[in-house]
Amino acid sequence: MASGTDALILALRACGVKAGDEVLLPPFTFVATSSAVSALGAKSVFADIRPDTYNLDPSELERRVTPRTRAIIVVHLYGLSADMDPILAFAKTRKLPVIEDNAQAIGASYKGWPTGSLADAGCLSFYPTKNLGAYGDAGMVVTNSAEIAARVRTLRNHGQSAKYLSSEPGWNSRLDEIQAAILRVKLRRLSNWQRARQSHAAEYNRLFSQIPGVMPPLAPDGFEHVYHQYTIRIEQRDALHKFLGERKIGSTVYYPYPLHLQPLYSALGHKAGDFPHSERAAQEVLSLPMYPELRKEQIARVVDTIAEFLKC
Ligand SMILES: Cc1ncc(COP(=O)(O)O)c(C=O)c1O
């Protein structure tokens, strides 16, 4: 695909989502997850996250499902899998397809299985900042379903089921060849880069264990985190963000506005308090420097600076 967003749009379409349908998804994610739903004329129905993992809370699904629900999108945010077993069990009872937004979690696993292979279709983004990044936009749909694969191949190429024979409206969303060539070379290095990220995360965790007031990211047993982001949670988030910036340490808030409070979705009529865990996360999360080439002394400097902030 030409991007991760296109991967989501075409996977949803291939799973049968069309105008007027509802799709369940968490409100604490990048807007691309829901704009893919909007692109098909379907409606995003939000289901809150768990406060400890920032991923979809499976127990929310039952509350939010309606007779118009046509699919579920789970997001493996920051590089950590959502808790898939209960989500898949729910989807099975309702006969709903599940699409994994795996844009941030290539290489992650859940109970030994790679994210993206756990549900009906997995969507990858190779945007340059991702753990496997191209030099421009690129994306992919992975699936074990021959039917979904065939549908996506047709949809990404103008709905052509044979050369110059179109059977339905489609898109032009082929993966650019230059990007494909770059990704093929970089793919060989992904597991080394992943190990480097995991070792940096372990070092951050070790240092943060001495610092009360900072909640490091959680990786429950059986969940292999790939740390697309190393995201801490802290009450004085905005002040810390500023403090780090003044000391030339980069940090970013992914994401400051939960989707249900975005102007884009004002017509859905949501208000503050509707999805409290997503809203609190949006106020308290901060992603710290994380990339394979990061050095131990840089990690120590970040953590020392946060410790200095907390003593102020
Ligand atoms: C969670 C999530 N979903 C979807 C996307 C969309 O991917 P792309 O930018 O390749 O369209 C991104 C990244 O940008 C993302 O982080």
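## The ligand site and selected backbone features

Helix α1 supplies the largest share of the shell around the ligand, namely three residues. The structure described here is a predicted model. The elements that contribute two or more residues to this shell are α1, spanning residues 4-14, and α2, spanning residues 32-39.

**Surroundings of the ligand**

There are 14 residues around the ligand, and those that come nearest are Gly 4, Thr 5, Asp 101, Ser 125 and Lys 130. By character, the shell divides into five nonpolar, seven polar and two charged residues. The ligand sits in the largest pocket.

Three side chains place polar atoms at short listed distances from atoms of the ligand, as the table sets out.

| Residue | Ligand atom | Distance from a polar side-chain atom |
|---|---|---|
| Thr 5 | oxygen | 2.5 Å |
| Asp 101 | nitrogen | 2.7 Å |
| Gln 104 | oxygen | 2.9 Å |

How much of the ligand does the protein bury? Taken alone, the ligand exposes 390 Å², and 92% of that area is buried by the protein. Thr 5 and Asp 101 thus appear twice in this account: both are among the residues that come nearest to the ligand, and each also has a side-chain N or O atom listed in the table, at 2.5 Å for Thr 5 and at 2.7 Å for Asp 101.

**A three-stranded sheet**

The model contains an open sheet of three strands, arranged in the order β6-β5-β11 with antiparallel pairing. Its edge strands are β6, residues 113-114, and β11, residues 223-224, each of which pairs on one side only. Strand β5, formed by residues 109-110, is joined to β11 in the antiparallel sense through two bridges. Within this arrangement, Tyr 110 stands opposite Phe 223, a residue of β11.

**Backbone geometry in two loops**

Most residues other than glycine have a negative phi, and most peptide bonds are trans. Two tyrosine sites in the model are described against that background.

Which form does the peptide bond from Tyr 254 to Tyr 255 take, cis or trans? The bond is cis, with omega near 10 degrees. Tyr 255 belongs to the loop that runs between α8, residues 237-246, and α9, residues 276-284.

At Tyr 54, phi has a positive value, near 70 degrees, although the residue is not glycine. Tyr 54 is located in the loop between β2, residues 43-46, and α3, residues 61-64.

Key:
Residues numbered from 1 in each chain as written. Predicted model: local features only at pLDDT ≥ 70, side-chain atom pairs only at ≥ 80, totals over all residues. Heavy atoms only, no water. Near = heavy atom within 4 Å. Polar contact = N/O pair within 3.5 Å; in protein donor to acceptor, adjacent residues only side chain to side chain. Areas by Shrake-Rupley, 256 points an atom, 1.4 Å probe, with all protein chains shown as cover. 1 Å grid on protein atoms, 1.4 Å probe; cavity = no way out; pocket = protein on both sides within 12 Å on 5 of 7 lines; lining within 4 Å. Sits in = over half its atoms within 2 Å of the grid points. Helix = DSSP H or I, 4+ residues; strand = E, 2+ residues; numbered from the N terminus. Nonpolar A, V, L, I, M, F, W, Y, C, P; charged D, E, K, R; others polar. Pairing = 2+ DSSP bridges.
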